[in-house]
Amino acid sequence: LTHPVCELRGEELDEKKAGDNLNVSDVFEMITEVNKRLGDEDRFSTKPLYLTYRAQNVQNMRFVDTPGIISNQSATGKDNREDIRS
């Protein structure tokens, strides 16, 4: 493994772009697209994103992004705790 390799999965992602053998820039772009879309829709997702990162001389890592508690769409932020509980 000579360069970092990522796997990214999740229901909110574009299925054509998500998958295996992604580079870090691709992952950053896809997550940014999802965040912008959710912000434009003034909502959060209850569906997690799964990121696996592999690189030489680095411990393999797996991240799971869970729903946000406070939305950043408005200046005051929407409290999403009740929505998350349901």
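**Figure 1. Salt bridge between aspartate 20 and arginine 9 in the predicted model.** The view shows the side chains of aspartate 20 and arginine 9, whose closest N and O atoms are 2.6 Å apart. This salt bridge links distant parts of the chain. Aspartate 20 belongs to strand β2, residues 19-22, and arginine 9 to strand β1, residues 5-9. The two residues are 11 apart along the chain. Aspartate 20 is partly exposed, with a relative accessible area of 42%. Arginine 9 is also partly exposed, at 42%.

**Figure 2. Salt bridge between arginine 37 and glutamate 12.** The side chains of arginine 37 and glutamate 12 meet at 3.2 Å, N to O. Because arginine 37 lies in helix α1 (residues 24-40) and glutamate 12 in the loop between β1 and β2, the pair ties together parts that are 25 residues apart in sequence. Arginine 37 is partly exposed, with a relative accessibility of 28%. Glutamate 12 has a relative accessibility of 13% and therefore counts as buried, since buried means under 20%.

**Figure 3. Surroundings of glutamate 12.** The residue shown at the centre of this legend, glutamate 12, sits in the loop between β1 and β2. Residues up to four places away in sequence are not counted here. Beyond them, glutamate 12 touches Val34, Arg37, Leu38, Arg43, Ser45 and Lys47. One of these residues, Arg37, is the salt-bridge partner of glutamate 12.

**Figure 4. Salt bridge between lysine 17 and glutamate 33.** The closest N and O atoms of lysine 17 and glutamate 33 are 3.1 Å apart. Lysine 17 is in the loop between β1 and β2 and glutamate 33 is in helix α1, so this salt bridge ties together parts that are 16 residues apart in sequence. Lysine 17 is partly exposed, with a relative accessible area of 35%. Glutamate 33 is partly exposed as well, at 34% relative accessibility. The salt bridges counted in the model come to four, among them the pair in this view.

**Figure 5. Alanine 18 and its contacts.** Alanine 18 is found in the loop between β1 and β2. With a relative accessible area of 23%, alanine 18 is partly exposed. Its contacts, leaving aside neighbours within four places in sequence, are with Leu8, Leu13 and Met30. Alanine 18 and glutamate 7 are 11 residues apart in sequence, and their C-alpha atoms are 7.5 Å apart in space.

**Figure 6. A nonpolar patch on the surface.** The patch is formed by Val58, Met61 and Phe63. Together these residues have about 240 Å² of accessible area. Valine 58 is in the loop between β3 (49-54) and β4 (61-65). Its relative accessible area is 39%, so valine 58 is partly exposed.

**Figure 7. The chain as the setting for the close-up views.** The chain has two helices and four strands. Read from the N terminus, the order of these elements is β-β-α-β-β-α. Of the 86 residues, 24% are buried. Among contacts between residues at least 6 apart in sequence, 40% join residues at least 24 apart. The chain exposes about 6500 Å², and carbon and sulfur atoms supply 48% of this area.

Note on methods. Residues numbered from 1 in each chain as written. Predicted model: local features only at pLDDT ≥ 70, side-chain atom pairs only at ≥ 80, totals over all residues. Heavy atoms only, no water. Buried < 20%, exposed > 50% of the residue type's maximum accessible area, 1.4 Å probe, protein only. Contact = heavy atoms within 4.5 Å. Patch = residues over 30% accessible without salt bridge, like charges linked within 9 Å, V, L, I, M, F, W, Y side chains within 5 Å. Areas by Shrake-Rupley, 256 points an atom, 1.4 Å probe, with all protein chains shown as cover.
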